[in-house]
Amino acid sequence: VSKQMLEQVLRELQPLCTEEQQFIEKFFQLSQDAAEPQVLEVSARTVSSPVLLAKDPTTRMLSEIFSCLEAELRGFLDVCNKVHPFGCLQVLVTLNDSVFEMWGSSSAPPSSFLNTILGNMLLLAKSSFNKCIGTLCKELEEAKTPSKMKGGILPSVSRFEEFVDFSEEVFKTARRRGELDKAHLRLAGSVFSSINSLPSANLKVNTDMVMMENFHHIHCFLCQKKICCLEGKKREAKQRYSEHMEKYVIEYLGQPLEKLNHFFEGVKARVAQGVKEEEVSFQLAYSKQELRKVIEKYPGKEVKKALGTLYRKIHKYLSPEENLLPVVWHAMEQEFIRQYQEFEDLIQRCYAGSGIAMDFTMEDLLSYFNSITLSN
């Protein structure tokens, strides 16, 4: 409603001011050159200072006749801005489009007086828009994450998407969208910042899991929206989602074979320090007997049970909306296979001829994952 009212006010102002200017020029026989209207270039550099009215006689008379016009328009724009939390977007688009339409119409262009007034209103609209974006950026960056949060999409991410949805609808038919593109980039930076601050929020769930889900959510949202200026942010979100999924997988996968991991990390460290591979087994802490003791702790049956527990734990904490469980579980399977192959390789190289082997084979491992997936 406020959009239609603003459009109507602007439409009715043009003929009113133009006719009044023409009457004054004709009645007082003023030079047309003196009142020649000039197109205003409204840029970011002029936002801080209002456009000054020209000092020609026609403009001086119009300023006196319409002395309260600018103040009334300012008040009206203020009301329009308050109709909706993001009302300033609609005001900016309507003013921008109206000014372009006035100057692009075949009828007489608006008077220099009206042109100046509208220039001031456009500067005011840009200033209100920038303040709104600044406030929203601060809100996103300072949004507190509930300490009892169990995962899922952060309030700042939902707020960012709400703004993008609304603004894209408002600017759908706009002649210009430069201000909106700048705003999108600022807000995307703020929402990324809010996700990056999660490690300091002391969450009771895995931080990498929450960051993975939120960057994944933003990536999917930006893929759907196809906003040119946010292509870089879309790629960054995908990269960050992948990074945090890798961290999440590796951190959680240390648990099913924790002691084996610890043992073979020690083996690799000795080799890195210069101990020959065939001599590692002569070190007390890494002898064949110690390796057998560790392997005995992981019979196939127990490994399958531990993987089942892990699956249920991941299922419990991952938010169903993102549907990342199959993706994460597959990544875990790949990482588990990689670890298994690494352990087998180290046994072959450092304990050759010992006859030592893990209690389960690669085929067993694949069947564990398959049966857990099917049964859930």
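These exercises cover helix packing and one cavity in a predicted model.

**Exercise 1. How are H10 and H11 oriented to each other, and which residues make the contact?**

Solution.
- Take the two helices: H10 spans residues 258-272 and H11 spans residues 288-296.
- Their axes come within 9 Å and cross at roughly 155°.
- Angles over 145 degrees count as roughly antiparallel, so H10 and H11 are roughly antiparallel to each other.
- The crossing of H10 and H11 is left-handed.
- On the H10 side, the contact uses Lys259, Leu260, Phe263 and Phe264.
- H11 contributes Glu290, Leu291, Val294 and Ile295.
- Sorted by class, this contact of H10 with H11 holds 6 nonpolar, no polar and 2 charged residues.

**Exercise 2. Describe the packing of H10 with H13 by angle, handedness and residue class.**

Solution.
- H13 covers residues 325-350.
- The axes of H10 and H13 are 11 Å apart, at an angle of about 50°.
- That angle lies outside the parallel, antiparallel and perpendicular ranges, so H10 is oblique to H13.
- H10 passes H13 in a left-handed crossing.
- From H10, the contact takes Leu260, Asn261, Phe264, Val267, Lys268 and Val271.
- From H13, the partners are Gln339, Glu342, Phe343, Leu346, Ile347 and Cys350.
- The contact of H10 with H13 divides into 8 nonpolar, 2 polar and 2 charged residues.
- Now look back at Exercise 1: Leu260 and Phe264 of H10 appear in the contact with H11 and also in the contact with H13.

**Exercise 3. At what angle do H6 and H7 pack, and which residues meet?**

Solution.
- H6 runs over residues 155-170, and H7 over residues 178-196.
- The angle is about 170°, with the axes 9 Å apart.
- H6 is therefore roughly antiparallel to H7.
- H6 supplies Ser156, Val157, Phe160, Phe163, Val164, Ser167 and Glu168.
- H7 supplies Leu180, His184, Leu187, Ala188, Val191, Ser194 and Ile195.
- The classes in the contact of H6 with H7 are 9 nonpolar, 4 polar and 1 charged.

**Exercise 4. How many cavities of 30 Å³ or more are there, and what lines the largest cavity?**

Solution.
- The count comes to 1 cavity of 30 Å³ or more.
- The largest cavity holds about 60 Å³ of space.
- Its lining consists of Leu140, Ala143, Lys144, Thr145, Leu154, Pro155, Ser156, Ser194 and Ser197.
- By class, the lining of the largest cavity has 4 nonpolar, 4 polar and 1 charged residues.
- Link this to Exercise 3: Ser156 and Ser194 line the largest cavity, and both belong to the contact of H6 with H7.

How values were computed
Residues are numbered from 1 along each chain as its sequence is written. This is a predicted model: local features need pLDDT of at least 70, side-chain atom pairs count only at pLDDT 80 or more; totals for chains, interfaces and linings use all residues. Side-chain values use heavy atoms; hydrogens and water are left out. Axes are lines fitted to C-alpha atoms, for helices over the stretch in contact, and angles run from 0 to 180 degrees between N-to-C directions. Helices (H or I, at least four residues) and strands (E, at least two) are DSSP runs, numbered from the N terminus. Angles under 35 degrees count as roughly parallel, over 145 as roughly antiparallel, 65 to 115 as roughly perpendicular and the rest as oblique. A crossing is left-handed if the near helix is turned anticlockwise from the far one by less than a right angle, and right-handed if clockwise. Contact means heavy atoms within 4.5 Å. Ala, Val, Leu, Ile, Met, Phe, Trp, Tyr, Cys and Pro count as nonpolar, Asp, Glu, Lys and Arg as charged, and the others, Gly among them, as polar. On a 1 Å grid over the protein atoms alone, a cavity is a set of points where a 1.4 Å probe fits but cannot get out, and a pocket is an open set with protein on both sides within 12 Å along at least five of seven lines; lining residues have an atom within 4 Å of a point. Grid points are joined across faces, edges and corners, and a volume is the space filled by probe spheres set on the points.
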